[in-house]
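Student: I am new to this structure and would like a close look at its aromatic rings. Could you walk me through them and what lies around them?

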Amino acid sequence: MNYLLLILLLIILFVFFYHILNKDILSPTIISIIAFIICVLCAFLGLGSWNKYPKLNILVFLIIFIGILFFGFGEIFARLTNKDKVKNEFVYYPIYIDKWKIYLMVIVIIMTIVLMFLDIKRICAHFGFFSNSIPDLIAFYRTKSALFSTELISSGGGISFVTNQLLKVCNIFCIISIFCLANNLIIGEKIYKNKIYIFPIICACILSLFTSGRGLLMRYIVCLFIIWTILYRNYNLNGSVREKILKMRKVTFKILKTGLIFLLVAILIFYFILPLVGRNNNIQFLDYISFYFGAPIPSFNIFLESIPYHSDVFGEETLVGIYSFLNKFGITNFIQQASREFIDFGNLSSNIYTSFRRYYYDFGVWGVVICQFIFGFTFTKIYQKSSQKGNTKWLLFYGYMASILIDQIRDEAFFVTFVSSSTIVYAILINIICFFCFKLKVKFR
């Protein structure tokens, strides 16, 4: 019953912010609330199998409510301080990249796949693990990655600097291909004219499996959804204010329908590629999916009932990314893995507690308030930029980072991964690669 009450509370927040935010179904706050509703619903469905914790602490209700509320307040403040003029008309045209550039993208991605494989094999050999099975190598590498261990960082090993930068470049190749494909299909271009963009996307998806998890692949799917829906909305909501109002309901329904399709496809991919990353899928489909997306709620509840010992390090959980960056330059000796302790759920175990665990552990309720407000404000500013006509670079940047909104149900990703040097590198690379793809002209004799 507690889970149903929490769902009801989230629905109330959804209705409130949906009307306050001009019925913008793609707003960061609305996406966050929908993600949490799905999370709590999965936890409720798990009560018949893996979830043995039917009662939730009142603190769970309070922290989730306050966290989402102040995320929404951050979005409202960002909208009130927005000085950019919104154009009423959006004129779209087909976007084509020279074929030789697409071929070069594919070659670079395939080369990065080879380098990733060689790096993973080298790392496994360093720790005494030898195998000819790619899934086994990936599974072992995962146990030594920064997610679960500090061994690679401490030893100065890990994926090489060159391979890491090429991986970032390949990610941008993928989202640019997604953008071109989505744009052209939305305006009515035939699929056969745009099939060339599918090749770098497929190659990038294969490359994502070598990162030892499914996170990057899910990020591509979220990116496709965000870019597709923003372009679709802007393309269809043209004309006078009255025409936009008449079209709004139809467009919103289409976006929700598309979102449901993307969710179902993502869940199927998420489950059935488990063997490819060295994981087993011998758990029943519904149990595994409800556990993966629902476990953060009972895990957070258990955490609040027995909070671990606090260290003297300021923001030790929330600022993991910053401490890791400072450690590379010898500014601090403090470093720790990104993941938290595991909680046993019988045959399954979880180490994800929603994003609120880190804020509350480090800074208490005021940390939840301030961190969520900053998060909501920042992402709304990026969202507003990405929604404006001609801001292709902002749309690509927001599309790639938007998965952080959904990751809130699992773990904190804004301060851990977004507030980092990698984000700056991505912003620079997007500008460079956009110039290469869309503006650089080379004449061959």
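Tutor: Happy to, and please keep in mind that this is a predicted model. Let's begin with a charge placed over a ring: Arg219 lies over the face of Tyr400, with 4.3 Å to the ring centre. Arg219 belongs to a stretch worth a short detour, since helix 9 covers residues 215–236. The axis of helix 9 comes within 7 Å of the axis of helix 8 (residues 198–209), and the two cross at roughly 150°. Where they meet, helix 8 brings Ala204, Cys205 and Ser208, while helix 9 offers Leu216, Leu217 and Tyr220. Of the residues in this contact, 5 are nonpolar and 1 is polar, with no charged ones.

A second arginine is placed over a ring as well. The charged end of Arg357 sits over the ring of Tyr361, 5.7 Å from its centre. Arg357 is part of helix 14, and its relative accessible area is 2%, so it counts as buried. What is Arg357 in contact with, leaving aside its neighbours within four places in sequence? Its partners are Phe300, Phe303, Pro308, Glu317, Arg340 and Glu341.

Now for rings that pair with rings. The structure holds 40 aromatic pairs. One of them joins Phe77 and Phe377, whose centres are 5.6 Å apart and whose planes make an angle of 35°, a tilted arrangement. Phe77 comes from helix 3 (residues 58–80) and Phe377 from helix 14 (residues 356–386), so this pair ties together parts that are 300 residues apart in sequence. Both rings are partly exposed: Phe77 has a relative accessibility of 41%, and Phe377 has 25%.

Ring pairs also build a cluster. Among its members are Phe71, Tyr359, Phe375, Phe379 and Tyr383. Trp394, Phe397, Tyr398, Phe414, Phe415 and Phe418 are linked into that cluster too.

Finally, have a look at helix 11, which spans residues 285–294. Is this helix enclosed or open? Because 7 of its 10 residues are buried, helix 11 is largely enclosed by the rest of the structure. Several aromatic residues are found among the buried ones, including Tyr288, Phe291, Tyr292 and Phe293. Ile289, Ser290 and Gly294 of helix 11 are buried too.

Technical notes
Residues are numbered from 1 along each chain as its sequence is written. This is a predicted model: local features need pLDDT of at least 70, side-chain atom pairs count only at pLDDT 80 or more; totals for chains, interfaces and linings use all residues. Side-chain values use heavy atoms; hydrogens and water are left out. Rings of Phe, Tyr and Trp (its six-membered ring) pair if their centres lie within 6.5 Å; planes under 30 degrees apart count as stacked, over 60 as edge-to-face and the rest as tilted. Helices (H or I, at least four residues) and strands (E, at least two) are DSSP runs, numbered from the N terminus. Buried means under 20% relative accessible area, exposed over 50%, partly exposed in between (1.4 Å probe, protein chains only). A charge sits over a ring if NZ of Lys or CZ of Arg is within 6 Å of the ring centre and within 35 degrees of the ring normal. Contact means heavy atoms within 4.5 Å. Axes are lines fitted to C-alpha atoms, for helices over the stretch in contact, and angles run from 0 to 180 degrees between N-to-C directions. Ala, Val, Leu, Ile, Met, Phe, Trp, Tyr, Cys and Pro count as nonpolar, Asp, Glu, Lys and Arg as charged, and the others, Gly among them, as polar.
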